[in-house]
Amino acid sequence: MKLCGLQKTTLLDFPGHVAATIFLGGCNFRCPFCHNSGLIGSEAKSQFSEEEILSFLRKRKGILEGVCITGGEPTLSEDLEPFIRKIRELGYLIKLDTNGYRPEVLKSLVLNGLVDYVAMDIKAGRENYSRAAGVENIKIKDIEESAAFLLGGALPFEFRTTAVKGIHSLRDFVDMGEWLAGCPHYYLQNYLDSDQVLCPGYQPFSREELDSFLNVLKLHIPNAMLRGVD
Ligand code: SF4
């Protein structure tokens with residue numbers, strides 16, 4: 001496991017809880033709009049030992065309520081489950097961020113009671129998924145399996161999509177609405193450019209374009225919302 005980053009406090013990442021966020025290195029996607037490009041490849045290096053992280057969390061007991069595990073893609077780390085168990089033994093709630101491409105790991109963690117909240121990225125409509133995830137011939141069934149599992153209501157969760165001009169069109173949001181119908185928490189975020197982006201050159205959508213996507217989503221996901229958009 002590569003422990004590549006630690007945000008010591010966040011009020012935003014874990015809904016309803018003051019939390020710390022741990023960034024794990026490595027990812028099985030290459031989303032061209034990825035903002036954590038330094039975390040996804042073999043160049044990602046551990047910055048902390050497991051004991052350093054656990055020691056920090058021991059000291060913050062009673063101040064922090066939860067720990068967000070993000071990446072990269074956390075479900076790739078073979079020792080994720082024992083790591084989460086150690087954090088839970090300290091009394092923390094766990095939020096897992098995932099791209100949903102390892103449904104068997106997601107299910108195992110949830111069914112073993114090791115996760116309290118999941119945020120799963122929905123990268124695009126199903127026909128456009130390979131392009132948005134940067135993976136040729138993506139096995140969309142694995143993504144569908146994770147999404148269906150979460151929609152089954154085993155625990156609180158959210159789906160979220162980053163809309164990127166040059167990658168997405170209205171067609172994506174028509175499909176996502178039908179696919180994820182009834183999702184209780186869906187957030188549509190706009191692309192933000194930064195120095196860390198894997199493939200620079202993409203643009204955000206206008207507010208009017210985002211509203212048109214949201215209106216299409218709301219036909220099937222009435223609670224769909226914009227996030228981080230003024
Ligand atoms: S945005 Fe894509 S490439 Fe980047 S960490 Fe998330 S899933 Fe991996």
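Helices and strands are here DSSP runs, of at least four residues for helices and at least two for strands, numbered from the N terminus. In this predicted model, Gly-72 belongs to the loop that joins strand S3 (66-70) to helix H3 (80-89). Gly-72 is also one of the residues around the ligand, and the ligand itself occupies the largest pocket. The main architectural element described below is an open sheet of eight strands.

**Sheet**
- The eight strands follow the order S1-S2-S3-S4-S5-S6-S7-S8, and their pairing is mixed.
- Strand S1 (3-10) and strand S8 (225-227) form the edges, each pairing on one side only.
- From one strand to the next, the twist averages 25°.
- Helix H8 (residues 207-218) packs on the sheet, where it touches S6, strand S7 (186-190) and S8. The direction of helix H8 makes about 160° with that of S7.
- Four bridges link strand S5 (residues 117-121) with strand S6 (residues 157-163), and the two strands pair in the parallel sense.
- Ala-119 stands opposite Glu-158, a residue of S6.

**Ligand site**
- The ligand is surrounded by Cys-27, Phe-29, Arg-30, Cys-31, Cys-34, Ile-40, Gly-72, Asn-99 and Lys-123.
- By class, the shell around the ligand comprises five nonpolar, two polar and two charged residues.
- The ligand sits in the largest pocket.

**Backbone features**
- Most peptide bonds are trans, and most residues other than glycine have a negative phi.
- The peptide bond from Gly-71 to Gly-72 is cis, with omega near 10°. Gly-72 thus links two topics of this briefing: this residue takes part in the cis bond and is among those around the ligand.
- Asn-137 is not a glycine, yet its phi is positive, at about 50°.
- Asn-137 is located in the loop between helix H5 (129-133) and helix H6 (140-151).

Technical notes. Residues are numbered from 1 along each chain as its sequence is written. This is a predicted model: local features need pLDDT of at least 70, side-chain atom pairs count only at pLDDT 80 or more; totals for chains, interfaces and linings use all residues. Side-chain values use heavy atoms; hydrogens and water are left out. Two strands pair if DSSP finds at least two bridges between them. Axes are lines fitted to C-alpha atoms, for helices over the stretch in contact, and angles run from 0 to 180 degrees between N-to-C directions. Contact means heavy atoms within 4.5 Å. A residue is near a molecule or strand if one of its heavy atoms lies within 4 Å of it. On a 1 Å grid over the protein atoms alone, a cavity is a set of points where a 1.4 Å probe fits but cannot get out, and a pocket is an open set with protein on both sides within 12 Å along at least five of seven lines; lining residues have an atom within 4 Å of a point. A molecule sits in a cavity or pocket if more than half of its atoms lie within 2 Å of its grid points. Ala, Val, Leu, Ile, Met, Phe, Trp, Tyr, Cys and Pro count as nonpolar, Asp, Glu, Lys and Arg as charged, and the others, Gly among them, as polar.
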